[in-house]
Amino acid sequence: MMKSFMLVTAIAFFPALALAAGKHEGGHENPMGMPATDGDMQTVEVSMRETEEGAMIFEPGELSFAPGETVRLVITNNGELEHEFVMDSVKTNAEHKEVMAKFPEMEHDDPNAVRLQPGETGEILWTFGESGEFEFACLIPGHYEAGMHGPLNVTES
Ligand SMILES: [Cu+2]
């Protein structure tokens, strides 16, 4: 009973994914900006870990950048569980999280995301676009609810 429900749900999600990918190929730019290449840029460190109280957190819990700013995000998993850092619109993260709930082993190969084993460090080089309110989150099932999300604001200071 449960299995067939999951399968139907899974099939229901694929057309949405294909559509999203198709749109992207159609030339729509990511409103958050685009991957950057190497060069002179500010480094921002982000830590991911579990707390003794059972929460899962990002430190800092909030990120803010200027429109057009290029940054090197250095993300370290200081926890004992696998975590990921995905930055996107709140809407896209929410959709992505639903898909992850059905396919927990799903691996992303997106320039706006990095998945890290305990002790690992990864990097994202990114040039932010125009002003907007975005979000960074860990979409591994249960982690968002445990506290792994925070606002990412692209704003003129
Ligand atoms: Cu996590």
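**A guided tour, starting at arginine 49**

Select arginine 49 to begin: this residue is partly exposed, because 18 other C-beta atoms lie within 10 Å, short of the 20 that would make it buried. You are looking at a predicted model, and arginine 49 sits in its strand β2 (residues 42-50). Leaving aside residues up to four places away in sequence, arginine 49 touches Ile57, Asn78 and Gly79. Now add glutamate 80 to your selection: 31 residues separate it from arginine 49 in sequence, yet their C-alpha atoms are 7.2 Å apart in space.

Next, go to proline 60, in the loop between β3 (56-59) and β4 (63-65). Look at the peptide bond joining glutamate 59 to proline 60: it is cis, with omega about 0°. That is worth a pause, because most peptide bonds are trans.

Move on to helix α2, residues 90-102. From first C-alpha to last, its 13 residues reach 19 Å, close to the 18 Å expected at 1.5 Å a residue. Highlight Asn93, His96 and Met100, which are buried. Then turn the view to look down the axis of α2: its buried residues fall within an arc of 65°, so they line one face of the helix. An α-helix has 3.6 residues a turn, so residues three or four places apart point the same way. To see what covers the buried residues of α2, show β6 (83-88) and β9 (132-137), which are among the elements that do so.

Last, colour the chain by pLDDT. The average is 85, and 82% of the residues score at least 70. Residues 1-27 stay under 50, and the model has seven contacts for them beyond four places in sequence. Where pLDDT is low, the predicted coordinates should not be read in detail.

How values were computed:
Residues are numbered from 1 along each chain as its sequence is written. This is a predicted model: local features need pLDDT of at least 70, side-chain atom pairs count only at pLDDT 80 or more; totals for chains, interfaces and linings use all residues. Helices (H or I, at least four residues) and strands (E, at least two) are DSSP runs, numbered from the N terminus. pLDDT is the predictor's confidence in each residue, from 0 to 100. Two residues are in contact if their C-beta atoms, placed from the backbone, lie within 7 Å. A residue is buried if 20 or more other C-beta atoms lie within 10 Å of its own, exposed if 12 or fewer, and partly exposed in between; C-beta atoms are placed from the backbone. The expected span of a helix is 1.5 Å times one less than its number of residues. The arc is that of the directions from the helix axis to the C-beta atoms.
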